[in-house]
Amino acid sequence: MAEIAFARPESLRDVPFHYCPGCHHGIIHRLVAEVIDELKVRDRTVGVMPVGCSVLAYDYFNFDTQEAAHGRAPAVATGVKRVHPDNVVFSYQGDGDLASIGCAEIVHAAARGEKITTVFVNNAIYGMTGGQMAPTSLPDQVTTTSPYGRKVESVGMPIKVCEMLSTLDGAKYIARVAVNNPANMAKAKAAIKKAFEVQLSGLGFAIVEVLSTCPTNWGMSPLEAVGWMEKNMMPYYPLGVFKTPEGVAK
Amino acid sequence: MAEKILMKGNEAIGEAAVVAGCRHYFGYPITPQSELIEYMAKRMPQVNGVFLQAESEVAAINMVYGAAGAGARVMTSSSSPGISLKQEGISYIAGAELPCVIVNMARGGPGLGSIQPGQCDYFQATKGGGHGDYNNIVLVPNSVQELVDCTVLAFELADKYRNPVMILGDGALGQMMEPVAFPDKAAEAPAKPWATTGLKGRKEPNVINSLHIQAPDLEKHNYHLQMKYKTIKQNERRWEEYRTEDAELVLVAYGITARVVQSAVDMARAVGLKVGLFRPITAWPFPYEELGRLAKTAKGFMAVELSAGQMVEDVRLSVVGSKPVYFYGRTGGMICTPKEVFGIVKKIMLGEEEK
């Protein structure tokens, strides 16, 4: 009898992704879906989607979802969780959404120890609007709104979200991962799973930052984009576990 | 209906919300409605409800979005500058057709304005407020008892039409104390099969959303919203008339101003001037037809507002040019007196006031 070695997770609908070639959103969607399947919580999951490239994620996930205004996903997720404490509630957000316009919402959700999980996709640029500078764009990075490169003397250094949120007691699990190779994908999935387990245990807020590529707006091939991320993003945004409920840092 | 108790307007709204079955409240402190958020902080835990002080009005209204989308009877409250901050969320709530109650105990504006009573948020409340073609149902009570009645009604209407309902009060109504009686309970919330509760065996996921990326889809959605608004306009106009039967001059006022104007009407009647009061209780839908009907008998109309002239535009739309429409307003938190309004009435009836 043939054994199924690789199948679509039940938590993903049979709908083709709209994402650009080489974009990591598809991989990250799949990892989230696999984790929700494995934890057997699809029946009580509510996902809150952002404004950005993943704005249509509600078309892809096969469980209840709400589409939030730009940056407000942690507040919307708070509303859902406070009505249904037994639901598994997560926000899925990009860097413009979470680290710029939604900075207050993510900081206070973490500070409250809101029992939600956040999947934060950091590709150092605004993708959907066509490649503008993000709060996570790197120094001297050329974007459509930093055509001469990000000038740190004018706009400051990029925000390190995991490090910033690690100062808050309510944040119980914080990790930064990447999906640039199979080994890192396995680690990313483990981190996402841990972040949902922290919610299921009722411990508090959990966030996983996933470094991601944007070949289209970086102006690179998918392969070049992975190389650029490894060379430029990983040194500034080191991978690792910043906080766990056990208190182990790194 | 229980016995009457003396209660402050802001607190009465809070208790009425509890009676109406509201068990989720998200807010942010601002004068002159802070007694309401404080009342909810104390009261919600007593009824196993959720009180959460949000980090901002923006966050509070988005928590309301999440909670309403999850099926709860939910409320937030603020005052003018805070309501401006909530407009983004209110537009999304209207677009996603979520039932909720938003209280605005309005103060003077623009900007930080003042903390005294104002009615200068009428345009914002009744003509949309945020972006897009949408309407809130807007209730404009004029007493502490009516704050109670309108709060209960607001939850019922919100659920009935899946629409945000705003209670547009003012700093005076929120701060004053009057005897009130509470109903035993409100109409039960209807089933909400659209809510994101988790699938719980349901086959098709529920999605709470205001995005329709394909233009024809969005237009279809807008037509649907407009049909709903049409139904609301037909069914939910509320108003009250006082001594209008033979009135030659009809004064139009709502909220705290209507209380002042009612006294002015009595002063005018005492000297034989035929004056009446038309008081909208729903500012949206505005009772255009009912006010317009009075144009058959009245010789003129005057809107009295704590603004530079906002509702007066709806009065003109009611009368459609058939009779003169005058306006008298005070701004910046100044409240007109009955004597002051009576003085204007005398001028108009002697033909001295400019239109």
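The questions and answers below walk through a predicted model with chains A and B.

Visitor: What average pLDDT does chain B reach?
Guide: This is a predicted model, so confidence comes first. In chain B, 98% of the residues score at least 70. For the complex, the predictor gives an ipTM of 0.96 and a pTM of 0.97. The average pLDDT of chain B is 96.

Visitor: How many residues does each chain give to the contact, and which element of chain B gives the largest share of its side?
Guide: The contact takes 34 residues from chain B and 29 residues from chain A. On the side of chain B that touches chain A, the elements giving two or more residues are strands E2, E3 and E9 and helices H3 and H4. The largest share there is eight residues, and it comes from H3(B).

Visitor: Is helix H4 of chain B largely enclosed or largely open?
Guide: H4(B) covers residues 80–95. Burial takes 20 or more other C-beta atoms within 10 Å. In H4(B), 12 of the 16 residues are buried, among them B:Ser80, B:Gly82 and B:Tyr92. Therefore H4(B) is largely enclosed.

Visitor: What covers the buried residues of H4(B)?
Guide: The cover includes a helix, H3 (57–69) of chain B. It also includes three strands of chain B: E4 (74–78), E5 (100–106) and E7 (164–170).

Visitor: Where is the kink in H4(B) centred?
Guide: H4(B) has 16 residues and reaches 22 Å from its first C-alpha to its last, close to the 22 Å expected. There is nevertheless a kink of about 45° in this helix. The helix is followed by B:Glu97, whose phi is positive, near 55°. The kink is centred on B:Lys86.

Visitor: Which handedness does the β-α-β unit around strand E15 of chain B have?
Guide: Strand E14 (residues 300–305) and E15(B) run parallel, joined by five bridges. One facing pair is B:Ala303 opposite B:Phe327 in E15(B). Helix H11 (residues 312–319) completes the unit with the two strands. The unit is right-handed.

Visitor: How many residues of E15(B) are buried?
Guide: E15(B) covers residues 325–329. The strand is mostly covered. The buried count is four of its five residues.

Visitor: Is B:Gln119 buried or exposed?
Guide: B:Gln119 sits in the loop between E5 and helix H5 (122–126) of chain B. Its contacts beyond four places in sequence include B:Ala106, B:Asp170 and B:Glu305. B:Gln119 has 29 C-beta neighbours inside 10 Å, so it counts as buried.

Visitor: What separates the C-alpha atoms of B:Gln119 and B:Thr257?
Guide: Along the chain, these two residues are 138 residues apart. B:Gln119 nevertheless touches B:Thr257. Their C-alpha atoms are separated by 8.9 Å.

Visitor: Which peptide bonds to B:Pro32 and B:Pro110 are present, cis or trans?
Guide: B:Pro32 lies in the loop between E2 and helix H2 (34–43) of chain B. The bond from B:Thr31 to B:Pro32 has omega near 5°. B:Pro110 is in the loop between E5 and H5 of chain B, and the bond from B:Gly109 has omega near 0°. Each of these two bonds is cis.

Visitor: How many residues of helix H2 of chain A are buried?
Guide: H2(A) covers residues 73–83. Among its buried residues are A:Lys81 and A:Arg82. The helix is largely enclosed by the rest of the structure, because the buried count is 11 of the 11 residues.

Visitor: Is A:Lys189 buried or exposed?
Guide: A:Lys189 is found in helix H7 (residues 182–200) of chain A. Beyond four places in sequence, A:Lys189 touches A:Leu31, A:Glu34 and A:Val35. With 21 C-beta neighbours inside 10 Å, A:Lys189 counts as buried.

Visitor: What phi does A:Asp140 have?
Guide: A:Asp140 is in the loop between strand E4 (117–122) and helix H5 (152–155) of chain A. With 12 C-beta neighbours inside 10 Å, A:Asp140 counts as exposed. Although A:Asp140 is not a glycine, its phi is positive, about 70°.

Visitor: Is B:Lys200 buried or exposed?
Guide: B:Lys200 lies in the loop between strand E8 (177–180) and E9 of chain B. Its phi is positive, about 45°, although B:Lys200 is not a glycine. With 10 C-beta neighbours inside 10 Å, B:Lys200 counts as exposed.

Notes:
Residues are numbered from 1 along each chain as its sequence is written. Chains are lettered from A and ligands numbered from 1 in the order in which they are written. This is a predicted model: local features need pLDDT of at least 70, side-chain atom pairs count only at pLDDT 80 or more; totals for chains, interfaces and linings use all residues. Two strands pair if DSSP finds at least two bridges between them. A crossover is right-handed if, with the strands pointing away from the viewer, the path from the first strand over the helix to the second runs clockwise. pLDDT is the predictor's confidence in each residue, from 0 to 100. The expected span of a helix is 1.5 Å times one less than its number of residues. The bend at a residue is the angle between axes fitted to the seven residues ending there and the seven starting there. Two residues are in contact if their C-beta atoms, placed from the backbone, lie within 7 Å.
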